[in-house]
Amino acid sequence: MKYKNIIWDWNGTIIDDTAVAFEATNILLKKYGYPTISLEFYRDNIDTPVVNFYKKIFDLSKQSMEILDKEWGVLYNKLSKKTGLHKDVVKALDYFRKENCRQIILSAFKTAEITKYAESLNVKHYFVDILGTEGIAMESKTVRGKRYFQENYFDLKETLYIGDTLHDYETAQQLEIDCILVSCGQQSPKLLNKCDTTVCNSFTEFNTMFN
């Protein structure tokens, strides 16, 4: 196996939470009197950092991004019983563990929240580290990833990034590592297929690449 280090995105990649994130966003839009959006619009426009997306659907001169972020988090947690893992993602996690790969989560989601959900979904034991964030004002995935790679002596040629967004692809490029995207998550296939990398429709398809 070429890869020794597997870098996972969390939201939309491991956890199948797009519907919940979309629902929480529409609840906020209704609360503040804005038009709701379609799931297609959401998947075509969701972005990292999320403020780039919120600028399109809220007037941030009237609503504080910090307050919106906190309220969205409360809604997400209330709706979280609807979330689960993507089909066959555990098979991928098991495969990489059997190959003695180091598996790390690198995410724009809060570390404490990722840890909570990873424990409840019984996947935390697959990961040697969870590199999430502590709030809106955070270092980019690239900055956190580069520092982690240097501190842990990663060989970039032996490192693979798995994500579900254009931002994940861009991050992988900046980190100078290979990337595979899955189009069953936060962003639509038509966006991901613009990237010069492998895009899988599902983890069932993804797993055929390694087994």
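What covers the buried residues of α6? Here are some notes to help you find your way around this predicted model, beginning with that helix.

1. **The cover over α6.** The elements that cover the buried residues of α6 include β2 (15–16), α4 (65–79), β4 (102–110) and β5 (129–133). The helix itself spans residues 111–120, and its buried residues are Thr 111, Glu 113, Ile 114, Tyr 117 and Ala 118. Looking down the axis of α6, you will find these buried residues within an arc of 160°, so they line one face of the helix. Turn to the other side of α6 and you meet Ala 112 and Ser 120, which are exposed.

2. **Just past the helix.** Keep following the chain and stop at Asn 122, which comes just after α6 and takes a positive phi of about 60°.

3. **A salt bridge within α6.** Glu 113 deserves a second look, since this buried residue of α6 forms a salt bridge with Lys 116, with the closest N and O atoms 3.2 Å apart. Both residues belong to helix α6 and sit three residues apart, about one turn of the helix. Lys 116 has a relative accessibility of 36%, so it counts as partly exposed. Elsewhere, salt bridges with shared partners tie Asp 9, Lys 141 and Asp 168 into one network.

4. **Strand β6, covered on both sides.** Next, please look at strand β6, residues 159–163, where five of the five residues are buried. Thr 159, Tyr 161 and Gly 163 point one way from the strand, while Leu 160 and Ile 162 point the other way, and all of them are buried.

5. **The neighbours of β6.** Strand β1 (residues 5–8) runs parallel to β6 and is joined to it by four bridges; here Ile 6 has Leu 160 as its bridge partner. Strand β7 (residues 178–182) also pairs with β6 in the parallel sense, again over four bridges. In that pairing, Ile 162 is matched with Ile 180. Between β6 and β7 you can trace helix α8 (residues 166–175), and the three elements make a right-handed β-α-β unit.

6. **Phe 96 and its contacts.** Is Phe 96 buried or exposed? Its relative accessibility is 0%, so Phe 96 counts as buried. You will find this residue in helix α5, which covers residues 89–98. Leaving aside residues up to four places away in sequence, Phe 96 touches Met 1, Ile 6, Trp 8, Cys 101, Gln 103, Ile 162, Phe 206 and Phe 210. Two of these names are familiar from the strand pairings above: Ile 6, the partner of Leu 160, and Ile 162, the partner of Ile 180. The chain also brings Phe 96 and Lys 4 together in space: they are 92 residues apart along the chain, with their C-alpha atoms separated by 8.5 Å.

7. **Salt bridges elsewhere.** How many salt bridges does the structure hold? The count is 11. One of them joins Lys 2 to Asp 178, with 3.1 Å between the closest N and O atoms. This pair links distant parts of the chain, as Lys 2 is in the segment before β1 and Asp 178 is in strand β7, 176 residues apart. Lys 2 is exposed, at 51% relative accessible area, and Asp 178 is partly exposed, at 32%.

8. **One more pair to check.** Asp 88 and Lys 91 form another salt bridge, their closest N and O atoms being 3.5 Å apart. Asp 88 counts as buried at 16% relative accessibility, whereas Lys 91 is exposed, with a relative accessible area of 53%.

Definitions and conventions:
Residues numbered from 1 in each chain as written. Predicted model: local features only at pLDDT ≥ 70, side-chain atom pairs only at ≥ 80, totals over all residues. Heavy atoms only, no water. Buried < 20%, exposed > 50% of the residue type's maximum accessible area, 1.4 Å probe, protein only. Helix = DSSP H or I, 4+ residues; strand = E, 2+ residues; numbered from the N terminus. Arc of directions from axis to C-beta. Contact = heavy atoms within 4.5 Å. Pairing = 2+ DSSP bridges. Right-handed = clockwise from strand over helix to strand, strands pointing away. Salt bridge = Lys/Arg side-chain N within 4 Å of Asp/Glu carboxyl O.
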